[in-house]
Amino acid sequence: MEIRAPKGTKDITPLDSYRWQYVEGVIRSLCAKYCFSEVRTPVFEHTELFSRGVGDTTDIVQKEMYTFLDKGERSITLKPEGTASVVRMYIENRLYNEAQPTKMYYLSTPVFRYERPQAGRLREHHQFGVEIFGAKRASADAECIMLALELLNTIGIRGLSVRINSIGCPKCRADYNAKLQRYLHDHVDALCATCRDRLGRNPLRVLDCKEEACKRICADAPVCLDSLCDECRAHHEELCGCLDAARVDYVVDPYIVRGLDYYTKTVFEIVSNDIGAQGTVCGGGRYDLLIEELGGPSTPAVGFGLGMERLLLVAQNTGVEFPAPEPPDVYVAPVSDEQRQIAFALAFSLRKAGVKAECEHSGRSLKAQLKFAAKIGARFVAVIGEDEAAAQCVQLKNMGDGASERVPLCDIAERIR
């Protein structure tokens with residue numbers, strides 16, 4: 001039986017990896033410009049981190065986590081999202097004692113969710129995310145949105161919309177939850193079984209349901225913006241003011257709540273219409289209570305997460321052309337076995353001199369080597385035969401115009417440059 005990759009996973013082949021490398025390069029450059037530093041956290045964590053941090057009423061915790069007992073009978077979970085792990089790292093390493101705010105990003109980190117594979121979202125996929133800890137002003141929220149937008153625009157993706165909302169804080173959300181519960185109780189028989197279960201524990205999660213019947217009911221539900229306290233309303237207005245000042249187009253969408261329990265105040269999404277029904281490319285928001293809930297000091301925080309596979313799919317569907325990888329500068333071709341070691345040593349010395357060089361490993365004839373060099377796009381072929389080896393030179397063939405010249409070994413790197 002042929003062994004295949006597990007369902008919901010995907011290989012990244014040499015034909016695809018250059019696209020990832022290009023996007024990762026853009027991300028690293030932008031994060032440096034915005035003064036974010038990279039962090040890396042483990043692929044797995046103790047399950048309690050996600051049940052406490054993400055929330056036990058979320059789809060992630062209820063349905064999607066890969067959880068198992070290790071040999072010490074400890075409950076371990078493969079990371080389903082990035083923020084909780086970064087919070088744990090921030091607390092454990094006492095980064096709150098450093099100058100604040102702390103601005104961090106993680107790149108192409110693998111995350112795991114047991115769900116039906118869909119466009120751009122696999123059971124194992126990869127996330128880029130940013131987190132700002134210790135900044136309470138809405139300007140930090142706006143900075144996250146603007147970094148995400150600049151990334152997408154730099155890659156060449158157009159036709160995106162920014163949608164923002166505020167879901168308040170525990171103080172004003174209690175009033176909103178009461179209003180929402182009263183409304184949903186009038187339609188409880190039409191809700192799906194999951195939402196009926198959520199209704200008493202966390203009615204806000206009902207607004208995030210993807211079932212069509214629940215979405216129709218929620219379309220006329222009360223909106224959280226009408227129940228904000230003065231502090232949350234002022235924060236939302238400051239965010240709008242920052243985006244206006246930066247001339248960022250956005251829409252206030254009162255039905256965005258995001259799928260995680262830790263959000264407070266700002267939530268936002270950047271949406272594309274080019275990847276089917278699941279159009280969110282990037283999503284995030286503020287989570288001012290999470291660090292304290294996980295055992296750290298009271299610390300405001302905001303961030304976003306973005307799926308790399310989904311980003312690349314949007315780029316493909318919108319016609320973005322990525323820069324092709326640079327071909328070899330030179331292919332070193334021995335005419336016979338007697339010159340193979342000389343050819344190998346030449347390729348090594350050229351690489352040390354900064355020349356991108358490839359050499360023969362497969363026992364091909366010279367004619368087959370020239371065909372292979374053309375196939376991989378080599379700019380030059382350095383042919384070493386018996387006469388060239390004796391004269392300490394190569395026959396350097398320009399693959400563009402076919403011109404050929406004899407060049408001493410010591411001059412090849414400079415001649416190619």
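Good morning. I begin with a hairpin: strands β15 and β16 form it, with 5 residues between them. In its turn, G402 has a positive phi of about 80°. Please keep in mind throughout that this is a predicted model.

The two arms of the hairpin run antiparallel, and 5 bridges join β15 to β16, which spans residues 404-408. Within that pairing, V394 stands opposite V407 of β16. On another pairing, β15 (residues 393-398) is joined to β14 (residues 380-384) by 4 bridges, and these strands also run antiparallel. There, F380 stands opposite N398 of β15.

How are these strands ordered in the sheet? The order is β13-β12-β14-β15-β16, an open sheet of 5 strands with mixed pairing. At its edges are β13 (357-359) and β16, each of which pairs on one side only. From one strand to the next, the twist averages 30°. Helix α13, residues 366-375, packs on this sheet and touches β12 (330-334), β14 and β15. The direction of α13 makes about 170° with that of β12.

I turn next to strand β9, residues 264-271. Is this strand enclosed or open to the surroundings? It is largely enclosed by the rest of the structure, because 8 of its 8 residues are buried. Strand β9 has pairing partners in β7 and β10: with β7 (residues 161-166) it pairs in the antiparallel sense over 6 bridges, and 6 bridges also join β9 to β10 (residues 280-286), again antiparallel. As specific examples, S161 stands opposite V271 of β9, while F268 has G284 in β10 as its bridge partner.

Now to the nonpolar interior. The largest nonpolar core has 49 residues, and the members that touch the most others are V87, F133 and L207. Several elements each supply at least two residues of this core: α2 (47-53), α4 (83-92), β5 (102-112), α6 (170-185), α7 (193-201), α8 (212-218) and α10 (290-293). Among the contributors, α4 gives the most, with 6 residues. Apart from this core lies another, of 46 residues, which includes L30, A148, L149 and F304.

F133 deserves a closer look. Which residues does F133 contact, leaving aside its neighbours within four places in sequence? The contacts include V86, V87 and Y90, then Q100, P101, T102 and M104, and finally Y287, I291, T299, P300 and A301.

A residue with another setting is S298, placed in the loop between α10 and β11 (301-307). S298 is exposed, with a relative accessible area of 58%; the reason for that label is that exposed means over 50%. Its C-alpha is 7.8 Å from that of D288, and the two residues are 10 apart in sequence.

Finally, a pocket. Rolling a probe the size of a water molecule over the atoms shows where empty space is left. The second largest pocket has a volume of about 450 Å³. Of the 19 residues in its lining, the closest to the centre are K10, E309, L312, L313 and Q316. Two or more lining residues come from each of α1 (14-33), β6 (124-133) and α11 (308-317).

Thank you for your attention; I welcome discussion.

Terms used:
Residues numbered from 1 in each chain as written. Predicted model: local features only at pLDDT ≥ 70, side-chain atom pairs only at ≥ 80, totals over all residues. Heavy atoms only, no water. Core = buried A, V, L, I, M, F, W, Y, C linked by side-chain atoms within 4.5 Å. Buried < 20%, exposed > 50% of the residue type's maximum accessible area, 1.4 Å probe, protein only. Contact = heavy atoms within 4.5 Å. Pairing = 2+ DSSP bridges. Axes fitted to C-alpha atoms, helices over the stretch in contact; angles between N-to-C directions. 1 Å grid on protein atoms, 1.4 Å probe; cavity = no way out; pocket = protein on both sides within 12 Å on 5 of 7 lines; lining within 4 Å. Points joined across faces, edges and corners; volume = space filled by probe spheres on them.
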